[in-house]
Amino acid sequence: MVKQFTEGDGKAASHVHPAVTHSHDHYHVTHHHEAGIIGSEFEHRAYWHTHEHNHNELTHSHDYDHEDEQPEHAKEAHVHDHAHPTESPG
């Protein structure tokens, strides 16, 4: 494991979330490239699904209310290994 720390605190002080495996609907976001090479733009495309997945221990700070973090968790985009989502390194 890599030692995690924050460089200063946001509105919510630096804190640690323990590792967890759980299931909820979660989102993935891709960047869809529009036609053309010069001056081209990317469109955000979201998709979602539900399956058991893990989150490793996380140390962080943020600028939104600490009380909102847990109830809002399922609205956040997630990255993990879909071949082994409960053993994902992320």
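**Entry 1: Glu69**

I started at Glu69, which sits in helix 1, residues 66–72. The model is predicted, so I read every value below as computed from that model. I asked which side chain of opposite charge is nearest to Glu69. I found Lys11, 14 Å away. Glu69 is buried and has no salt bridge. With a cut-off of 4 Å for a salt bridge, Lys11 cannot count as a partner, because 4 Å is the limit for the N to O pair.

I then looked for polar partners of Glu69. Its side chain makes a polar contact with the side chain of His17, at 2.8 Å. I also listed what Glu69 touches, setting aside residues up to four places away in sequence. The list reads His15, His17, His60, His62 and Tyr64. His17 thus turns up both as a touching residue and as the polar partner.

**Entry 2: Salt bridges**

How many salt bridges does the model hold? I counted 2.

One joins Glu43 and Arg45, with the closest N and O atoms 3.3 Å apart. I checked the exposure of both ends. Glu43 has 34% relative accessibility and counts as partly exposed. Arg45 is partly exposed too, at 38%.

Another joins the side chains of Glu72 and Lys75, at 3.5 Å from N to O. Here Glu72 is partly exposed, with 32% relative accessibility. Lys75 reaches 58% and counts as exposed, because the class begins over 50%. I noted that Glu72 is also the end residue of the range given for helix 1, residues 66–72.

**Entry 3: Aromatic pair**

I searched the whole structure for aromatic pairs and got 1. Tyr27 and Trp48 form it, and the pair is tilted. The ring centres are 5.7 Å apart, and the planes meet at 55 degrees. Why does this pair tie together separate parts of the chain? Tyr27 lies in strand 2 (residues 20–33) and Trp48 in strand 3 (residues 42–55), so the pair links parts that are 21 residues apart in sequence.

I looked up the exposure of both rings' residues. Tyr27 is partly exposed, at 28% relative accessibility. Trp48 is exposed, with a relative accessible area of 51%.

**Entry 4: His51**

I moved along strand 3 to His51. Is His51 buried or exposed? His51 has 17% relative accessibility and counts as buried, because buried means under 20%.

The side chain of His51 makes a polar contact of 3.3 Å with the side chain of His49. I also took its contacts beyond four places in sequence. Those are His22, Ser23, His24, His26, His80, His82 and Pro85. Among them, His22, Ser23, His24 and His26 have numbers inside the range of strand 2, residues 20–33.

**Entry 5: After the helix**

I checked two residues in the segment after helix 1. Glu76 is one of them. Glu76 is partly exposed, with 42% relative accessibility. Its C-alpha atom is 9.8 Å from that of Asp25, although the two residues are 51 apart along the chain.

Ala83 lies in that segment as well. Ala83 is exposed, at 59% relative accessible area. I took its C-alpha distance to Asn54 and got 12 Å. Those two residues are 29 apart in sequence.

**Entry 6: Whole chain**

I closed with the chain as a whole. It has 1 helix and 4 strands. Which pattern do they follow along the sequence? I read β-β-β-β-α, with the helix after the strands.

I compared the radius of gyration with the globule rule. The chain has 16 Å, whereas a compact globule of 90 residues would have a value near 12 Å. The C-alpha trace spans about 45 × 30 × 25 Å along its principal axes.

Buried residues make up 20% of the 90 residues. Glu69 and His51 belong to that buried group. Last, I looked at contacts between residues at least 6 apart in sequence. Of these, 73% join residues at least 24 apart.

Terms used
Residues numbered from 1 in each chain as written. Predicted model: local features only at pLDDT ≥ 70, side-chain atom pairs only at ≥ 80, totals over all residues. Heavy atoms only, no water. Helix = DSSP H or I, 4+ residues; strand = E, 2+ residues; numbered from the N terminus. Buried < 20%, exposed > 50% of the residue type's maximum accessible area, 1.4 Å probe, protein only. Lys, Arg positive; Asp, Glu negative; His and termini not counted. Polar contact = N/O pair within 3.5 Å; in protein donor to acceptor, adjacent residues only side chain to side chain. Contact = heavy atoms within 4.5 Å. Phe/Tyr/Trp six-rings, centres within 6.5 Å; stacked < 30°, edge-to-face > 60°. Rg over C-alpha atoms; globule rule 2.2 N^0.38 Å.
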